[in-house]
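Colleague: Hi! Could you walk me through this one? I'm still new to reading structures.

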Amino acid sequence: MPDAIDVHDLNYSFGEGDLRKQVLYDVSLTVQTGSVVILMGPSGCGKTTLLTLVGGLRTVQSGQVDVLGHDLDAAGPTELVAVRRHIGFVFQLHNLLDFLTAQQNVEMSLQLHPEVDPVTRRRRAQEMLKVVGLGDRMNYYPAALSGGQRQRVSIARALVAQPQLILADEPTAALDSTSGRQVVELLQRLAKEQGAAVLMVTHDNRILDLADRIVQMEDGRIQKET
Amino acid sequence: MFFRDIPLAWLQLTHSKAKFFAAVTGVVVAVLLMWMQLGFLDALYRSATSVTNHLTGDLVLISPHTKEFARPESFPRRLLGRALGHPDVVAVHPFYEATGKWQNPWTGEKRPILVFGMPPDEPLFDAQGLAEGWSKTNVADAGLFDVVCRPSLGNVAKHFHAGETVTAEINNRRVTIVGTVRIGVGFQADGNFVTTDANFLRLFPDRQASAIDVGVIELRPGADRLAVQMALRQAYGRELKVQTPEELIAAELKFLQDNAPIGFVFTMGVIVGCFIGFAIVYQVLFTDISSHLPQYATLKAMGYSDGYLVKTVLQAALILAFCGYIPGTILAAGLYEIGKRATMLPMDLSLHRGAQVFGLSLAMCFLSGLVAVRRLRSADPAEIF
């Protein structure tokens, strides 16, 4: 089985000419299928940029990026959109659509897969919400949910289409320590059950024990792995 | 696809009822404005031809100096004889027409009224009520009153149909209403009075029987109208114009368009309506996009294409167009009824104008959607991490 993520000699810069600023230097990183990897490092070390490159949200400038068997460094915009449909994203802020119920927000993710018919789509969204413990909140709008509940909806949204890779950016940042840990525990457990790999950027030391591997980054370089 | 998928546009628009109501109200106002402006414009054009629309005959002779049917230039009656020389012409009828002063019998107010004089054996109008009342006009100072008149003339119809004898003065001469017809008024007068040529000449003492205003030609059944028209044009040269009733109506409209700025005025009104609707819809869509940029960016990150988001915004625009059109049209129907009573202008909700207003509202909303869509470019999925 190929690795979920395989990055080699990745370099990335922002800006042009004199304003050009390199943020990633020869980054190499592999994430095995089914493993949870936490990426740590001070602000501005380039970890979020790495995450957006792996997630197909930016175009690769130089180096190799293989995600779920797709060669992202050679992919055009349309292919990037297609690859993204197989990745689950969890953001620092939940970014749920405020005019959709919890269930509809989760359904939005499944709707990207035309082979899922509307009836199945609804059923799977409901099941997923039950799994994250929101079986009694399915028809609530985000405004009526607590921060932890919203983040659980966004985890349900990221996982419902059974992606092979989940990218999470500081998923606990907006939560208190208890619900933060609960949310990441849930994410880790479900990812393991589905056999999905997780690459998570975090500052949160309390959740490091949930990772299979921890990767430290500094000044655009991978420092060490533990 | 629309029912299969989650109706994002609809859910977004209707999530806040108050906001949705405000947006729809904006479109309703725009739709209403369009209906009213187009309705008045159309009614004015139609009313301008209400008299010519009711004229019978296959061909019409008028003076080349006549620009408007309601303000004709007279010509010598003897010229009619020339048309009779054509083998296909069965008869040529003289038609008198002039604007008189009607004195409202109840208020004493004097208002312009168009008076038509026609041969007693041949009423040259095809109008409702004429067949019943015409024979009664063959007494001195009797005539038929057009009930589609402005209220300024007095409620003749009500009193007449209540069985009262209604008399009034035209050019200071007492006339008796012996029946009613339905013709319609234009700009030049507030009402119409239809009578015999003899009565006409009594009301306008300075007019001569030998000077008529219109000649109405009747052709043998099966005659080639255009061929006769060509022949008569040759025969009359520059002395008289030979027109079909359709040409007469078209010329009437053209005169109005060229000489009255109403087309411009009302078209401006329609444009203002469109602009109001455009601005409101744009404002609503723009605000909605702006306040949802991170969420839209998230949808893009998840794998939704730009096309999906563009489609959603345009759908929202079209939903607004549709939701505004229906109540706007219902309101317009009510206002048309009020307008019709106040002005006696022919205002009707026609399918044609309905389609026109619908098309304009769609275009207006679609355009605001297209402009608002540009805001989507700021939704960059790489920026939300």
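Modeller: Happy to! This is a predicted model. A good place to start is contacts in chain A with a separation of 6 or more: 71% of them are between residues 24 or more positions apart.

Colleague: Okay, and how many helices and strands are there in chain A?

Modeller: Chain A has six helices and 10 strands.

Colleague: What radius of gyration does chain A have, and what would a compact globule have?

Modeller: Chain A comes out at 17 Å, and a compact globule of 226 residues would be near 17 Å, so the two agree. Along the principal axes, the C-alpha atoms fill a box of roughly 55 × 40 × 35 Å.

Colleague: What share of the residues counts as buried?

Modeller: 55% of the 226 residues in chain A do. As for the surface, chain A exposes about 9,500 Å², with 47% of that supplied by carbon and sulfur atoms.

Colleague: New topic: backbone angles. What is the usual sign of phi?

Modeller: Most residues other than glycine have a negative phi. Asp9(A) is not a glycine, yet its phi is positive, about 50°. Asp26(A) also has a positive phi, about 45°.

Colleague: Where do Asp9(A) and Asp26(A) lie?

Modeller: Asp9(A) is in strand S1, residues 5-14, while Asp26(A) is in strand S2, residues 21-31.

Colleague: Why does Asp26(A) count as exposed?

Modeller: Its relative accessibility is 52%, so Asp26(A) counts as exposed, since exposed means over 50%. Asp9(A) has 46%, so Asp9(A) is partly exposed.

Colleague: Last one: how far apart are the mean positions of the positive and negative charges?

Modeller: They are 7 Å apart, for 22 positive and 27 negative charges in chain A.

Conventions: Residues are numbered from 1 along each chain as its sequence is written. Chains are lettered from A and ligands numbered from 1 in the order in which they are written. This is a predicted model: local features need pLDDT of at least 70, side-chain atom pairs count only at pLDDT 80 or more; totals for chains, interfaces and linings use all residues. Side-chain values use heavy atoms; hydrogens and water are left out. Helices (H or I, at least four residues) and strands (E, at least two) are DSSP runs, numbered from the N terminus. The radius of gyration is taken over C-alpha atoms; the globule rule is 2.2 Å times the number of residues to the power 0.38. Buried means under 20% relative accessible area, exposed over 50%, partly exposed in between (1.4 Å probe, protein chains only). Contact means heavy atoms within 4.5 Å. Accessible areas come from the Shrake-Rupley method with a 1.4 Å probe; for residues, only the protein chains shown count as cover. Lys and Arg count as positive and Asp and Glu as negative; His and the chain ends are not counted. The place of a charge is taken as NZ of Lys, CZ of Arg, CG of Asp or CD of Glu.
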